[in-house]
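Work through the exercises below with the structure in view. Try each task before you read its solution.

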Amino acid sequence: MFLTTLEKINNDTSILPGVKLGYDIRDSCWYSPIALEQSIDFIKDSIASIDSLETNFTSRDQCAVDSDKPIAGLLGPGSSSNTIQVQNLLQLFEIPQIGYSATSMELSNKNLYEYFQRVVPSDDYQAQAMLDIVLKFNWTYVAAIYTDGEYCLLEHM
């Protein structure tokens with residue numbers, strides 16, 4: 001679906017005239033050190049190309065090296081803790097980040113995370129919505145089911 005949408009946007013010149021979107025998909029494995037490593041690797045070429053554009057060359061023998069296109073933004077990673085780590089890096093370079101499942105209220109602090117936006121409600125809003133449902137239906141008992149993120153696979157015999 002993502003690639004189809006990207007192709008449709010790139011093929012319709014009325015949506016983003018003169019702009020061609022690309023992508024680079026990485027896996028953070030839901031682990032902060034890997035998320036940071038992937039983010040550094042992702043942005044290092046862009047940072048190098050920005051630096052080379054700002055350098056004044058004094059000799060005709062020196063020329064700018066072809067570089068990747070600038071980064072418009074980054075989607076993910078999935079967890080709040082990984083997103084916070086990556087956002088701390090990205091904001092140094094003013095690279096926007098969109099969280100698709102990061103729900104930590106900490107990320108709502110625009111003084112700390114100026115370049116972060118989310119597409120899901122924060123934990124605070126989700127908790128308020130659950131409370132509103134309990135109160136609306138006058139429920140007197142609620143059971144919570146929790147998982148620590150580990151997935152159980154059942155083998156069928």
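Three exercises follow, on charged pairs, a core and a surface patch.

This is a predicted model, where local features need pLDDT of at least 70, side-chain atom pairs count only at pLDDT 80 or more, and totals for chains, interfaces and linings use all residues. Residues are numbered from 1 along each chain as its sequence is written, and side-chain values use heavy atoms, with hydrogens and water left out.

**Exercise 1.** Find which residues the salt bridges join into one network.

Solution. Apply the criterion: a side-chain nitrogen of Lys or Arg within 4 Å of a carboxyl oxygen of Asp or Glu. The whole structure yields three salt bridges. Start at Arg26, which pairs with Asp24 at 2.9 Å between the closest N and O atoms. Next, Asp41 pairs with Arg26 at 2.7 Å. That pair links distant parts of the chain, 15 residues apart: Asp41 is in helix α2, and Arg26 is in the loop between α1 and α2. (Helices are DSSP runs of H or I, at least four residues, numbered from the N terminus.) Last, Asp41 meets Lys44 at 3.1 Å, N to O. Shared partners thus join Asp24, Arg26, Asp41 and Lys44 into one network.

**Exercise 2.** Identify the residues of the largest nonpolar core.

Solution. Look for buried (under 20% relative accessible area, 1.4 Å probe, protein chains only) Ala, Val, Leu, Ile, Met, Phe, Trp, Tyr and Cys residues, joined through side-chain atoms within 4.5 Å. The largest such core has nine residues: Ala35, Phe42, Ile43, Ile71, Leu74, Val86, Leu89, Leu90 and Ile95. Helices α2 and α3 (80-90) each give two or more of them.

**Exercise 3.** Is Ile25 buried or exposed?

Solution. Locate Ile25 in the loop between α1 (2-11) and α2 (32-54). Ile25 counts as exposed because its relative accessibility is 63%, and exposed means over 50%.
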